[in-house]
Amino acid sequence: IEEEYIRRYHTHAPGENQCSSILIKHIKAPVHRVWSLVRRFDQPQKYKPFVSRCVVQGNLEIGSVREVDVKSGLPATTSTERLELLDDNEHILSIRIVGGDHRLKNYSSIVSVHPEISSSELLFYCVCPPGDH
């Protein structure tokens with residue numbers, strides 16, 4: 001079933017000087033509960049332990065931008081990210097990093113939540129430049 005979701009939602013042909021990766025996390029919780037946390041573009045710190053603070057500029061809608069403060073220990077302290085897709089029916093969230101004090105260029109991420117027999121499946125997919133994987 002994972003392969004079907006990956007093929008359906010997380011297929012990307014990396015361009016020159018790009019790479020891609022997929023991280024799958026199995027969570028013992030219903031899809032609706034996991035999605036209620038993941039969909040919060042304005043509160044990524046609810047499920048991303050490396051985020052200390054987040055401020056969204058303007059309304060929460062496609063194209064919204066958030067300023068994220070990252071906890072110490074990572075090679076960045078801030079990240080500016082734009083909401084590209086928020087699909088509550090298919091449980092997909094997509095963001096693009098548009099700034100910050102890190103080396104990421106042309107970085108995007110797709111997160112989707114899917115049911116499993118006894119838990120939920122959280123898939124992260126990102127495209128990143130060389131040297132950042």
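This is a short talk on one predicted model and how its parts fit together.

Let me start with the layout. The chain has two helices and seven strands. Read from the N terminus, the order of elements is α-β-α-β-β-β-β-β-β. The chain counts 133 residues, and 37% of them are buried.

Now to the strands. I'll take the pairings in order along the chain.

Strand β3 covers residues 65-70, and strand β4 covers residues 78-87. The two run antiparallel, joined by five bridges. To find the register, look at glutamate 67: threonine 80 in β4 stands opposite.

Next comes β4 with β5. This pair is antiparallel too, with eight bridges. Here glutamate 81 faces isoleucine 97 in β5.

How many residues lie between β4 and β5 in their hairpin? Four. One residue in that turn deserves a stop. Histidine 91 sits in the loop between β4 and β5. Its phi is positive, about 60 degrees, although histidine 91 is not a glycine. Keep histidine 91 in mind; we meet it again at the helix.

Then β5 and β6. They pair in the antiparallel sense, over five bridges. Arginine 96 stands opposite serine 108 in β6. β6 itself is largely enclosed by the rest of the structure, because six of its eight residues are buried.

One more strand before we move on. Valine 51 belongs to β2, residues 51-57. Is valine 51 buried or exposed? Buried: its relative accessibility is 5%, and the cut-off for buried is under 20%. Valine 70 is 19 residues away along the chain, yet the two C-alpha atoms are separated by 4.6 Å.

Now the helix α2. Which of its residues are buried? Val31, Val34, Trp35 and Val38. They span an arc of only 100 degrees around the axis, so they lie on the same side of α2. There is a simple geometric background. An α-helix has 3.6 residues a turn, so residues three or four places apart point the same way.

The other side of α2 looks outward: His32 and Arg33 are exposed there. Take histidine 32, which is in α2. Its relative accessible area is 56%. The cut-off for exposed is over 50%, so histidine 32 counts as exposed. Across the sequence, histidine 32 and valine 113 are 81 residues apart, while their C-alpha atoms are separated by 8.9 Å.

Serine 36 is also in α2. At 37% relative accessibility, serine 36 is partly exposed. And here is histidine 91 again. Serine 36 and histidine 91 are 55 residues apart in sequence, but 9.5 Å apart in space, C-alpha to C-alpha.

So what do the buried residues build? Let's go to the core. As a general rule, in soluble globular proteins nonpolar side chains tend to be buried together. In this model, the largest nonpolar core has 14 residues. Six of them touch the most other members: Val34, Trp35, Val38, Leu93, Ile95 and Val113. Where do core residues come from? At least two each are supplied by α2 (31-38), β5 (92-100) and β6 (108-115). α2 gives the most, with four residues. Recall the buried side of the helix: Val34, Trp35 and Val38 are among the buried residues of α2, and they are also among the core residues with the most contacts to other members.

Last stop: empty space inside. A general word first. Rolling a probe the size of a water molecule over the atoms shows where empty space is left. The structure holds one cavity of 30 Å³ or more. Its volume is about 30 Å³.

Which residues line that cavity? Tyr47, Lys48, Arg66, Leu93, Ile95, Ser109 and Val111. β5 and β6 each supply at least two of them. By class, the lining has four nonpolar, one polar and two charged residues. Notice two names that come back. Leu93 and Ile95 line the cavity, and both are among the core residues that touch the most other members.

To wrap up. β5 pairs with β4 over eight bridges and with β6 over five. β5 and β6 also both supply residues to the largest core and to the cavity lining. And α2 has its buried residues on the same side, with His32 and Arg33 exposed on the other.

Definitions and conventions
Residues are numbered from 1 along each chain as its sequence is written. This is a predicted model: local features need pLDDT of at least 70, side-chain atom pairs count only at pLDDT 80 or more; totals for chains, interfaces and linings use all residues. Side-chain values use heavy atoms; hydrogens and water are left out. A nonpolar core is a set of buried Ala, Val, Leu, Ile, Met, Phe, Trp, Tyr and Cys residues joined through side-chain atoms within 4.5 Å. Buried means under 20% relative accessible area, exposed over 50%, partly exposed in between (1.4 Å probe, protein chains only). Two strands pair if DSSP finds at least two bridges between them. On a 1 Å grid over the protein atoms alone, a cavity is a set of points where a 1.4 Å probe fits but cannot get out, and a pocket is an open set with protein on both sides within 12 Å along at least five of seven lines; lining residues have an atom within 4 Å of a point. Grid points are joined across faces, edges and corners, and a volume is the space filled by probe spheres set on the points. Ala, Val, Leu, Ile, Met, Phe, Trp, Tyr, Cys and Pro count as nonpolar, Asp, Glu, Lys and Arg as charged, and the others, Gly among them, as polar. The arc is that of the directions from the helix axis to the C-beta atoms.
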